[in-house]
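Colleague: I would like a close look at a single part of this model, followed by how that part fits with the rest. Please keep to what can be read from the atoms and the record.

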Amino acid sequence: EKGYETGEHAPGLKLGGWGAYKAAHHIIKTHAKVWHSYNNTWRNEQQGMVGISLTSGWGEPVDPHSQRDRDAAERYIQFHLGWFANPIYRGDYPEIMKNYVGRKSAQQGLGTSRLPTFSVQEKTYIKGTSDFLGIGHFTTRYVTQKSFPLLQASSYHTDHNLAELVDPNWPAPGPKWLYSVPWGFRRLLNFIKTQYGNPLIYVTENGVSEKGQCTQLCDEWRIEYLKGYTNEILKALKDGVNVQGYTAWSLLDKFEWNKGFSERFGFYHIDFKNKNKPRYPKASVDYYKKIISANGFPNPREVMS
């Protein structure tokens, strides 16, 4: 979407309304081809696994008693996670995506939907092409219905007719988009369990960056974020969600998309101005070591001082 719709990221193409859908269509088909290639050629010998990693927030209805808000929250998750996961686990794009993009395309006078279609053969070829699901997750939004005026230049962002809101009481230690809402992660994981037949899940990204340089390496807010989110994963495990592993994002401060070195997600602070790029552990390093060694939350009486 950022590479082919808004042009914010490489390759910087602004193909409004159809670019993101077309790029995603190719990604899904290519992913399936890679899975089948491995399955047919190397699996018997290597006994490896091939999956896909998808990043998604969680959408919660502003008013859980409002059908309009519940429908909007459903669209949020289907236009994010379902866009890729539904073809791989169920054989086609979510019905809600096909309906909304198809209807808006017709209203624009287009002969066909801006959302491409899979042939019957492609649906069969794509369905089931994931031995595990990688999940990147960072934050949550409240979601409500919002109708956009019919524009000649519709986009992925206006197709789903919803508005995203945040609770001003949610902690926002990092960039403006990343609010700490741990309970959303458990709901997302349970949604995956219900929608896609409880697949094997590896959390491939979860973490928080900082707005400015933490010169004292005192990232207590990152510790709180980790505590909250890992706790919700442990609850999801008790719910029966098949989470096999967790990867925090990230080990080191690094080059972060179009933010460059200005956005720091790392456990280790990197002095980028020094030609040797020395690394300094932040406070979260020690805390995360204890979580790793205990494979969860350690009994405080058992933690070595």
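Which residues are exposed on the other side of H9?

Modeller: This is a predicted model. On that side of H9, the exposed residues are Lys289 and Ser293.

The buried residues of H9, which runs over residues 283–294, are Ser284, Val285, Tyr287, Tyr288 and Ile291. They cover an arc of only 170 degrees around the axis, so they sit on the same side of H9. The general background is that an α-helix has 3.6 residues a turn, so residues three or four places apart point the same way.

The buried residues of H9 pack against one helix, H8 (220–238). They also pack against strands S7 (243–246), S8 (268–270) and S9 (279–281). After H9 comes Asn295, with a positive phi near 55 degrees.

From H9 the view can be widened to the nonpolar cores. The largest nonpolar core has 47 residues, and Leu81 and Trp83 are those with the most contacts inside it. Elements giving two or more residues to this core include the helices H1 (19–41), H3 (67–90), H4 (95–107) and H7 (183–195), together with H8. The strands S1 (52–55), S3 (133–136) and S6 also give two or more residues to this core. H3 gives the most, with 8 residues. A second, separate core has 8 residues, and Tyr288 of H9 is one of them; Ile223, Ala248 and Phe267 are also among them.

Back in the largest core, Leu81 is in contact with Leu54, Ser56, Ile135, Leu188, Phe191, Ile192 and Tyr196, leaving aside its neighbours within four places in sequence. Trp83 is also part of an aromatic cluster with Tyr21, Phe79, Phe84 and Tyr156.

Tyr21 of that cluster is buried in H1. Other buried residues of H1 include Gly19, Ala20, Ala24, Ile28, Ala32, Trp35 and Tyr38, as well as His25, His31 and His36. Among the elements that cover the buried residues of H1 are helices H2 (43–46), H5 (120–126) and H6 (156–159), along with S1, H3 and H4. The length of H1 can be checked too: at 1.5 Å a residue, its 23 residues should span 33 Å, and its end C-alpha atoms are 33 Å apart, which agrees.

The strand S6 (residues 201–205) holds Glu205, where UniProt, in an unreviewed entry, places the feature "active site". Glu205 is partly exposed, with a relative accessible area of 21%; the cut-off for buried is under 20%. Not counting residues up to four places away in sequence, Glu205 touches Thr55, Ile135, Gly136, His137, Phe138, Thr247 and Trp249. Ile135 is thus named twice here, as a contact of Glu205 and as a contact of Leu81.

As for aromatic pairs, the structure holds 23. Phe255 and Phe261 form one that is edge-to-face, with 5.3 Å centre to centre and 85 degrees between the planes. Phe255 counts as exposed, at 55% relative accessibility, while Phe261 is partly exposed at 42%.

One long distance can be added. Gln46, in helix H2, is partly exposed, with a relative accessible area of 46%. Gln46 and Pro171 are 125 residues apart in sequence and 45 Å apart in space, C-alpha to C-alpha.

Methods. Residues numbered from 1 in each chain as written. Predicted model: local features only at pLDDT ≥ 70, side-chain atom pairs only at ≥ 80, totals over all residues. Heavy atoms only, no water. Buried < 20%, exposed > 50% of the residue type's maximum accessible area, 1.4 Å probe, protein only. Helix = DSSP H or I, 4+ residues; strand = E, 2+ residues; numbered from the N terminus. Arc of directions from axis to C-beta. Contact = heavy atoms within 4.5 Å. UniProt positions renumbered as here; feature names shortened; annotations may be inferred. Core = buried A, V, L, I, M, F, W, Y, C linked by side-chain atoms within 4.5 Å. Expected span 1.5 Å × (residues − 1). Phe/Tyr/Trp six-rings, centres within 6.5 Å; stacked < 30°, edge-to-face > 60°.
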